[in-house]
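Trainee: Please take me through one part of this chain closely, starting from a single residue and working outward to what surrounds that residue.

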Amino acid sequence: MFNKEILSSKEIKFYKNNGYLVKKELISKKIIKKINQKVKNLLNDKNKSKYFEFLKYNNKKYCVRLKNPHEVDQLFSNILKDKKIIHILQILLKGSVRFHHSKLNFKPPAQKGAIIDWHQDWAFYPHTNDDLITVGIYLEDCFEINGPLKVIPRSHKSKIYNHHESNFFVGKINVKKEKINILKAKNLIGPAGSVTFHHVRTLHASSLNMAEHSRPLLLFGYSSVDAWPITYDKGSSVDPNINLKSYDRLILKGKPLIQPRLEKVPIRIPLPRKSDSIYQLQNKKK
Ligand SMILES: O=C(O)CCC(=O)C(=O)O
């Protein structure tokens, strides 16, 4: 299918052991350039408040996220189906792939409120098994200074941590209470077009962006077709309880089914919650 092996057995082993993987410059510069131009155009659109999420830091409004980009422009729905990404996912997700959600996070520079606290995506949307992966595409070079994604290797093999505070789901972990050694964290860095893959239970976060410009990270979530949402899953682009046909149309590899694979996975219910946005949940300054 591809001229050279897209994923080596060493990389597969690395992902299985560590719960993450980075493929440097997997997406061509030409595509990245097109996406960046599209984002620029959308930011100049007079209806931009329809697409973007803004937060106020120190009395200044910053654009933190493009919501559901795959619903905003075809370019995004094409890139989420990128052949190389789907091929890798098919290997890592045991054969089948269903699209789950999309977002484009900007992380404005020098704003503490734009730090994303430690969390597991699994806490937001538990499924009947944990074959779910989040894919990140860096739209610009992203190194330590830019506030890259960072992960705790092997954490996908540990428990589901407590993401509640005062009886509300807050989408973040108290690392001190949970005795998490964040010194073990690895930064997922790379030039524009690099793609990160992290397991749904991998503990991750991202720090302050110390550069002078925003750090655009396009994120796509995927699941194995036989992983079924257990509870409230507002992150997903479609709710199977409401529209099964549309849910099945999210399948990129594999066939629809109504007999999910039930694995012995640790879960906590992400309720009650005051918001569906990670920024609001983690109480980033407005
Ligand atoms: O934008 C980031 O740095 C990380 C975002 C993230 O982990 C999330 O939205 O779940």
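Mentor: Leaving aside neighbours within four places in sequence, tyrosine 222 is in contact with Leu89, Leu93, Val97, Arg98, Phe99, His100, Leu132, Ile133 and Val135, contact being C-beta atoms, placed from the backbone, within 7 Å. This is a predicted model, in which local features need pLDDT of at least 70, side-chain atom pairs count only at pLDDT 80 or more, and totals for chains, interfaces and linings use all residues. Residues are numbered from 1 along each chain as its sequence is written.

One of those partners, Leu89, belongs to the buried set of helix H6 (residues 83-92), together with Ile85, Ile88 and Leu92. Buried means 20 or more other C-beta atoms within 10 Å of the residue's own; helices (H or I, at least four residues) and strands (E, at least two) are DSSP runs numbered from the N terminus. Seen down the axis of H6, the buried residues fall within an arc of 100 degrees, so they line one face of the helix; the arc is that of the directions from the helix axis to the C-beta atoms. They pack against helix H1 (9-18) and strands S4 (97-105), S6, S11 (195-199) and S13 (217-223). Just after H6, lysine 94 has a positive phi of about 65 degrees.

Tyr222, Leu89 and Leu92 also appear in the largest nonpolar core, of 62 residues, among the members that touch the most others, as do Ile133, Val135, Ile137 and Phe197. Such a core is a set of buried Ala, Val, Leu, Ile, Met, Phe, Trp, Tyr and Cys residues joined through C-beta atoms within 7 Å. Strand S6 (residues 132-138) supplies the largest share of this core, five residues.

How values were computed
A residue is buried if 20 or more other C-beta atoms lie within 10 Å of its own, exposed if 12 or fewer, and partly exposed in between; C-beta atoms are placed from the backbone. Two residues are in contact if their C-beta atoms, placed from the backbone, lie within 7 Å.
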